Amino acid sequence: MNTNSTVTPISENPKQPQQRQTAKEIIAANVKSLIEQLEAGHSDALTAYLDAMSRFHNYSFGNILEIARQKPTATRVAGLYAWNQLGRKVKKGEKGIRILAPIVGIKRKRDEEAERDITKQNTRVLVGFRNAYVFDVTQTEGAELPSMREMRGTVGDNRDRLVSFIKAQGIELVFTEKIAPALGMSYGGKIAILPGQSEAEEFSTLVHELGHEMLHKSERRTATTKVVRETEAEAIAFVIGKAVGLETGSASADYIHLYHGNASLLAESLEVIQQTSGVILAALQPPTAAEAEMPDAELAKVA
């Protein structure tokens, strides 16, 4: 440990106390709450969390859980400053959705070290987290928002982007009737798809099999049951389908297979579903330059 360096927090708002709970503790609390709902017979609770993943795929796993728990109907969230920049104001009396935001500091080296390499004299480092509050679009009023990039019922260019992404991962893609009646098969480095499916069905099948390729290559993931592996892949297809605007069945009862009295397995499954979905969606819909520069973009990647 270098005792010759100091870390200075950057522009921390004294009116917002630092979050004392760690991201891990908040995730654990949310998973516990989810389990309580499942054990009470509310199997649609898992579907609601997957739905939130489709809407907030740029946010961290912990913050997605926080948004879904506090405001399940949220569709587009941002902080006060970001809404103001878009010409909208938060309605009086609206309660913010708490998430975790980073406290970024500057790691300063001793003068003699900085003189040797001036490009490295100040380094940005994460020193902790604090409470931050975002608001859903329904909690605001004002100027009309630019139309969001949405699709309804068709996959459009997303199909070609998905195929390109699959091939970029070194995965062979073939279309063959030999796998019938299966719609798709994953062989570890190879995906086979049954020809003749509808556009939406083929897209969903491609995502499902890609989910297997990305999730279930390691020994740790293959050690799970076949039912859990199939449910994880189907959950990813649900998240991606929702995100690109396809009509998807809720199938909430099916997602109960992710939890059979094993809290750690549920948490692990949800996190890998979120992370894998985020990678695929990034390949399908890379952020615009304007989105990358939004003040709240940094909040999306913490916790």
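Trainee: At 1.5 Å a residue, what should the 12 residues of helix 2 (residues 44-55) span, and how far apart are its end C-alpha atoms?
Mentor: Helix 2 should span 16 Å, and its end C-alpha atoms are 17 Å apart, which agrees. The expected span here is 1.5 Å times one less than the number of residues, while helices (H or I, at least four residues) and strands (E, at least two) are DSSP runs numbered from the N terminus. Bear in mind that this is a predicted model, in which local features need pLDDT of at least 70 and side-chain atom pairs count only at pLDDT 80 or more, whereas totals for chains, interfaces and linings use all residues. Residues are numbered from 1 along each chain as its sequence is written, and side-chain values use heavy atoms, with hydrogens and water left out.

Trainee: OK, and how many residues of helix 2 are buried?
Mentor: Nine of the 12 residues are buried, so helix 2 is mostly covered, where buried means under 20% relative accessible area, exposed means over 50% and partly exposed lies in between (1.4 Å probe, protein chains only). The buried set in helix 2 includes Ala45, Leu46, Tyr49, Leu50 and Met53, and also Asp51.

Trainee: What do those buried residues pack against?
Mentor: The buried residues of helix 2 pack against helix 1 (23-39), helix 3 (61-70), helix 9 (226-243) and helix 10 (263-284), and contact throughout means heavy atoms within 4.5 Å.

Trainee: Take helix 10, then: at what angle do the axes of helix 2 and helix 10 cross?
Mentor: Two packed helices are described by the angle between their axes and the distance between the axes. For helix 2 and helix 10, the axes cross at roughly 25 degrees and come within 10 Å. That makes helix 2 roughly parallel to helix 10, since angles under 35 degrees count as roughly parallel, over 145 as roughly antiparallel, 65 to 115 as roughly perpendicular and the rest as oblique. The axes themselves are lines fitted to C-alpha atoms, for helices over the stretch in contact, and the angles run from 0 to 180 degrees between N-to-C directions.

Trainee: Is the crossing of helix 2 and helix 10 left-handed or right-handed, and which residues make the contact?
Mentor: Helix 2 passes helix 10 in a right-handed crossing; a crossing is right-handed if the near helix is turned clockwise from the far one by less than a right angle, and left-handed if anticlockwise. Leu46, Leu50 and Met53 of helix 2 make the contact with Leu266, Leu270, Ile273 and Gln274 of helix 10. By class, that contact has six nonpolar, one polar and no charged residues, with Ala, Val, Leu, Ile, Met, Phe, Trp, Tyr, Cys and Pro counted as nonpolar, Asp, Glu, Lys and Arg as charged, and the others, Gly among them, as polar.

Trainee: Switching pairs, how do helix 6 and helix 7 pack?
Mentor: Helix 6 (residues 158-168) and helix 7 (residues 199-215) pack at about 25 degrees with their axes 11 Å apart, and they are therefore roughly parallel to each other. In this pair, helix 6 passes helix 7 in a left-handed crossing. Among the residues that meet there are Leu162 and Phe165 in helix 6 and Phe203 and Leu206 in helix 7, and by class this contact has nine nonpolar, one polar and two charged residues.

Trainee: Back to the end of helix 2: where does Phe56 lie?
Mentor: Phe56 lies in the loop between helix 2 and helix 3, and it is buried, with a relative accessible area of 4%. Leaving aside neighbours within four places in sequence, Phe56 is in contact with Ile64, Ile67, Ala74, Thr75, Arg76 and Val77. The C-alpha atoms of Phe56 and Ala243 are separated by 9.0 Å, although these residues are 187 apart along the chain. Helix 3 is also mostly covered, with eight of its 10 residues buried, including Ile64 and Ile67.

Trainee: And Arg88, buried or exposed?
Mentor: Arg88, which has its place in strand 3 (residues 88-90), counts as buried at 10% relative accessibility. Its contacts, apart from neighbours within four places in sequence, include Trp83, Glu141, Ala143 and Glu144. Arg88 and Ala143 are 5.7 Å apart, C-alpha to C-alpha, and 55 residues apart in sequence.

Trainee: Last one: how many helices and strands are in the chain?
Mentor: The chain has 11 helices and nine strands, and buried residues make up 43% of its 303 residues. Among contacts between residues at least 6 apart in sequence, 71% join residues at least 24 apart.
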